[in-house]
Every structure is written in C-alpha cells, then in structure tokens.
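Dear colleague,

I am passing on the structure we spoke about, and would be glad if you could look through it alongside the notes below.

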Amino acid sequence: EMIVWGGGNNAQSFGDGGRWNAGTNQWASMTTTGAPRAHTRGRGVWGGHELLVWTGVVSGSPVSEGGRYDPFTNTWAPISTVNAPEGHDYPAAVWTCTELLIWGGDFSDNLGGAYTP
C-alpha cells in the first residue's frame, strides 16, 4: 500500500489521509482519531511497520510534534516531544532502520533530533 497523510497549501492544511492498494487499485480511509493536527510542510517516513509523521507548520507557525500510524490496526499514537527539536518549516526526515532523524528546515538554527519508537 501507499499511505498519504496531511499536507496542504498556503490557504488550507489537511489532517486526513488515505491508503492506496496497487493490487486492487482501491483507496481505503484512515482514522483521524489521535492523528497529528492538520499541517503543511511536514514529513513522513516508513518506520518498518508504521508511518512516522513529523509536522511542519500548523496555523502559520512551525510546531514540534508528530504521530505514529499503524496501518494494520488503523490507529494513531503520539510521538514523544521530550527533547524534540524546535519546529521548522520543511524539516528533513530520515529513517535509519532504528530512529527517526529530524533536522533543520527553512530558517533553521541547524538543530535536529532523533526519535526511537
């Protein structure tokens, strides 16, 4: 499956998504219960068995928060913000097979952080 979550444009942010199955060419809905707030300029990476989403901008301001989506149970869980980097526009996100790395973005102070699920 391909999983799509969030995004938007300068006028509107989205806090929803969907799952597309290439074999059946069908879309399935995703729960929004417990999901990250509607945002733009966030990042998502596949963490082995769940989608890890780190938000970028909420209501015009960079934020530092995220969520973990499990497609097998169709549930969301929050990502801890303890020692998280400050929020930035367009942060970079990479999965290392054990950690989610978040780094910088527009107007960055070259700050980043690592999150281990």
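What follows is a short account of one sheet and of two residues.

Please keep in mind throughout that this is a predicted model. To begin with the sheet, three strands form an open arrangement in the order E1-E2-E3, and their pairing is antiparallel. Strand E1, covering residues 2-8, and strand E3, covering 26-29, are the edge strands, each of which pairs on one side only. On average, and with direction ignored, neighbouring strands of this sheet are turned by 30 degrees against each other. Strand E2, made up of residues 13-21, pairs with E3 in the antiparallel sense over four bridges, and Arg19 has Ala28 in E3 as its bridge partner.

Gly15 also lies in strand E2, where this residue is partly exposed, because its relative accessible area is 27%. Leaving aside residues up to four places away in sequence, Gly15 touches Trp5, Thr32 and Ala38. Of these contacts, Thr32 is 17 residues from Gly15 along the chain, and the C-alpha atoms of the two residues are separated by 7.3 Å.

The second residue is Glu50, which is placed in the loop between strand E4 (43-46) and strand E5 (51-54). Is Glu50 buried or exposed? With a relative accessible area of 5%, Glu50 is buried, since the cut-off for that term is under 20%. The side chain of Glu50 is joined to that of Arg68 by a polar contact of 3.0 Å. Again not counting residues up to four places away in sequence, Glu50 touches Val45, Arg68, Tyr69, Asp70, Pro71 and Pro117.

With best wishes

Note on methods
Residues numbered from 1 in each chain as written. Predicted model: local features only at pLDDT ≥ 70, side-chain atom pairs only at ≥ 80, totals over all residues. Heavy atoms only, no water. Pairing = 2+ DSSP bridges. Helix = DSSP H or I, 4+ residues; strand = E, 2+ residues; numbered from the N terminus. Axes fitted to C-alpha atoms, helices over the stretch in contact; angles between N-to-C directions. Buried < 20%, exposed > 50% of the residue type's maximum accessible area, 1.4 Å probe, protein only. Polar contact = N/O pair within 3.5 Å; in protein donor to acceptor, adjacent residues only side chain to side chain. Contact = heavy atoms within 4.5 Å.
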